[in-house]
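Visitor: Before we begin, I should like each label explained by the rule behind it. Please show me the model and take me through the terms.

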Amino acid sequence: MYKVSVHAKRRFLLKLLLLQIGCLCAIGITAKTHADSGTRFTASVPENLEVNDQFRLMFTVSSAKELADTDLIRFSASIPEEFTVLMGPSRSRVSKTQVSNGNTALTYQVTYTYILSAPQAGTFTIPAASITVKGEQLRSQPLVLTVTPAGQSSPESNPQSWMNTIVTMSVSERSPRVNTPVVLECKLYTTAPVDSLANMDLYISPDEFKVEPVVLQNNQWQLEHKFGKNYKAIIFRKLLLYPLRTGELRIGNLHVDAYIRKVDETIDPLDAFFNDGNAASTKKRLHCTGITFHVHE
């Protein structure tokens with residue numbers, strides 16, 4: 001009978017061990033790649049709402065890899081008939097850098113946003129939305145939200161001051177010619193007492209646009225009816241944009257901090273006298289979706 005030598009057995013066991021280690025490494029790499037390239041689809045809405053509040057309903061696709069417009073198809077969302085759709089869906093893009101345990105990761109997000117109002121009190125369910133991302137259908141989680149009668153939310157949780165303060169961007173032309181100026185206006189709409197705006201962030205590529213600021217003279221608040229209600233409105237930034245090439249050009253999303261004055265009735269009147277009244281400012285970060293231009297000769 002043929003006998004296997006001790007050295008041959010050792011070589012065989014060593015090869016088997018190396019093969020198993022290789023398989024485990026391959027499995028680990030495959031699992032890590034799948035986790036890193038995972039795509040999520042989530043929904044979000046404010047927690048505390050009162051009757052006639054305006055609020056944002058957002059559906060967000062998050063991915064470790066940047067997604068092209070052609071990667072995102074068949075977005076579908078159902079809005080309960082109890083809500084009024086004031087605007088949307090509008091689509092925006094953002095990339096976020098996250099640092100965890102010394103590791104930096106870049107996440108790309110595409111968000112579909114509705115602005116809604118809640119004309120009646122009650123508990124409502126927003127069904128799951130769906131979207132197809134690179135051939136894979138994803139569904140968000142359903143949302144349950146409660147709308148209370150006006151004045152019944154606690155002052156700390158009432159989001160009314162944020163919902164009633166909105167920024168917008170508008171342009172004089174979305175299909176301009178090359179080197180033809182386009183007027184861009186950034187406007188604030190509010191029913192709350194806004195003391196100031198700060199930390200404005202608006203990306204305009206110098207390779208795509210020449211930008212000239214416009215001095216705002218005799219700029220005053222105006223009364224405007226928008227999104228189904230009356231607002232005080234004011235233009236806070238005005239620019240002339242000169243497209244430098246043909247094709248599809250885009251200016252980024254607008255972000256700005258609004259300092260909203262909130263009366264605190266718990267402050268002692270004597271303290272209020274020496275501390276500029278009984279009002280305190282609350283900072284709210286406001287956002288507006290960017291604008292795409294189709295430039296031609």
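Visitor: What makes the largest pocket a pocket, and how much space lies in it?

Guide: About 800 Å³ of space lies in the largest pocket, where a volume is the space filled by probe spheres set on grid points joined across faces, edges and corners. On a 1 Å grid over the protein atoms alone, a pocket is an open set of points with protein on both sides within 12 Å along at least five of seven lines, whereas in a cavity a 1.4 Å probe fits but cannot get out. This is a predicted model, in which local features need pLDDT of at least 70 and side-chain atom pairs count only at pLDDT 80 or more, while totals for chains, interfaces and linings use all residues. Residues are numbered from 1 along each chain as its sequence is written, and side-chain values use heavy atoms, with hydrogens and water left out.

Visitor: Which residues of the lining lie nearest the centre of the largest pocket?

Guide: They are Ser92, Thr113, His287, Cys288 and Thr289, among 30 residues that line the largest pocket; a lining residue has an atom within 4 Å of a point. Strand β5 (84-100) is one of the strands that supply at least two residues each, and β5 gives the largest share, six residues. Strands are DSSP runs of E with at least two residues, and helices are runs of H or I with at least four, numbered from the N terminus.

Visitor: How do the lining residues divide by class?

Guide: The lining has 11 nonpolar, 13 polar and six charged residues. Ala, Val, Leu, Ile, Met, Phe, Trp, Tyr, Cys and Pro count as nonpolar, Asp, Glu, Lys and Arg as charged, and the others, Gly among them, as polar.

Visitor: Why do Cys186 and Cys288 not count as a disulfide?

Guide: A disulfide is a pair of cysteine sulfur atoms within 2.5 Å. The sulfur of Cys288 is 7.7 Å from that of Cys186, the closest cysteine sulfur, and therefore too far for a bond. By this rule the count comes to zero disulfides.

Visitor: Are these two cysteines called buried or exposed?

Guide: Buried means under 20% relative accessible area, exposed over 50%, and partly exposed in between, with a 1.4 Å probe and protein chains only. Cys186 stands at 1% and so counts as buried; Cys288, at 14%, also counts as buried.

Visitor: How do you know that β4 and β8 pair?

Guide: Two strands pair if DSSP finds at least two bridges between them, and β4 and β8 (residues 130-133) have three, in the antiparallel sense. One bridge joins Leu72 to Val133 in β8. The open sheet has three strands in the order β4-β8-β9.

Visitor: What makes β4 and β9 edge strands?

Guide: Strands β4 (72-76) and β9 (136-139) each pair on one side only.

Visitor: What is unusual about the backbone at Pro89 and Asn199?

Guide: Most residues other than glycine have a negative phi, and most peptide bonds are trans. Gly88 and Pro89 are joined by a cis peptide bond, with omega about 5 degrees, and Pro89 lies in β5. Asn199, in strand β13 (residues 194-202), is not a glycine, yet has a positive phi of about 55 degrees. At 49% relative accessibility, Asn199 counts as partly exposed.
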